[in-house]
Amino acid sequence: MDKHFFLSVNISLGKYQEFIDKFAAYAKDRASSYVCVCNVHMTIEAYFDKEFATVVNQADIVTPDGLPLGKGLDFLYGIKQDRVSGPDLMPSLLERAEKDGLGVYFYGSTDEILLKLTTFCKSRYPNLIISGSISPPFRVLSEDEKNEHINQINSSGANIVFVALGCPKQEKWMASMKSKINAIMLGVGGAFPMLVGVEKRAPLWMQKFMLEWFFRLIQDPKRLFKRYLVTNTYFVILLLREKIINKIGRK
């Protein structure tokens, strides 16, 4: 898929269904690959951390998660781009995996969430092949543990690995697993608890007005206040700065 540079990351371009078709093609081939679902937070993380920017930009596909990135591409370059977010991607791909007979694996989150997720999927997608799941410990893994997880995933025959470790940990993990795990890996962040209803997603009207971040903030203000204050402010500043640079460059 074609990519276009945006502030700090190379965003893949295309219609929503084109992304789903591309993921399915990678999955059928069990091609070792990874997908970053890029939002404002990831964009700003990549801007200030060049090593992390390399991790994101070396991904096979970088989807534009959230309206701010789509609106930003239009604002700077006149590119009309569909939103391709983790909470939307996951059910779309589960449905496609069920249809195409592709095995899925869940990596990350807690044992409790994984149990709920497995139960939910068996009910919602009765013919889906659930190849397995792992809730890794919240610490640095030993080499033996890493190899054990690689072997478990590969021996399961999974075609798609949904990774929910949070940004930037999940992106770095997927990059380190490229060429080791024989499947397409997708970093879906908080999609697991959202899918099973443990966490609520912003209503559609808030999504349309780019207020999804605010909905999450009021649910967990202590953890997210500083993050959103800093990242959203930097995002607006960088966007306006890039717009000015583009205008000057055209004169």
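Which helix does Y234 lie in? Let me come to that with the model in view, and let me say at the outset that this is a predicted model.

Y234 lies in helix α12, and at 36% relative accessibility Y234 counts as partly exposed, because that class takes in values between 20% and 50%. Y234 also belongs to a nonpolar surface patch of about 460 Å², which is made by F48, L229, V230, Y234 and I237. Helix α12, which runs over residues 221–250, gives the largest share of that patch, namely four residues.

Now let me turn to helix α7, residues 143–156. With 14 residues at 1.5 Å a residue, helix α7 should span 20 Å, and its end C-alpha atoms are indeed 20 Å apart, so expectation and model agree. As for the sides of this helix, the buried residues of α7 are H149, I150, I153 and N154, and, seen down the helix axis, these buried residues fall within an arc of 125 degrees, which means that they line one face of α7. An α-helix has 3.6 residues a turn, so residues three or four places apart point the same way.

What do the buried residues of α7 pack against? They pack against three strands, β5 (103–108), β6 (129–134) and β7 (160–164), and also against helix α8 (169–177). On the other side of α7, by contrast, D144, N151 and S155 are exposed. Finally, just after α7 ends, G157 takes a positive phi of about 80 degrees.

Key. Residues are numbered from 1 along each chain as its sequence is written. This is a predicted model: local features need pLDDT of at least 70, side-chain atom pairs count only at pLDDT 80 or more; totals for chains, interfaces and linings use all residues. Side-chain values use heavy atoms; hydrogens and water are left out. Patches are made of residues with over 30% relative accessible area and no salt bridge: like charges are joined within 9 Å, nonpolar side chains (Val, Leu, Ile, Met, Phe, Trp, Tyr) within 5 Å. Accessible areas come from the Shrake-Rupley method with a 1.4 Å probe; for residues, only the protein chains shown count as cover. A salt bridge is a side-chain nitrogen of Lys or Arg within 4 Å of a carboxyl oxygen of Asp or Glu. Helices (H or I, at least four residues) and strands (E, at least two) are DSSP runs, numbered from the N terminus. Buried means under 20% relative accessible area, exposed over 50%, partly exposed in between (1.4 Å probe, protein chains only). The expected span of a helix is 1.5 Å times one less than its number of residues. The arc is that of the directions from the helix axis to the C-beta atoms. Contact means heavy atoms within 4.5 Å.
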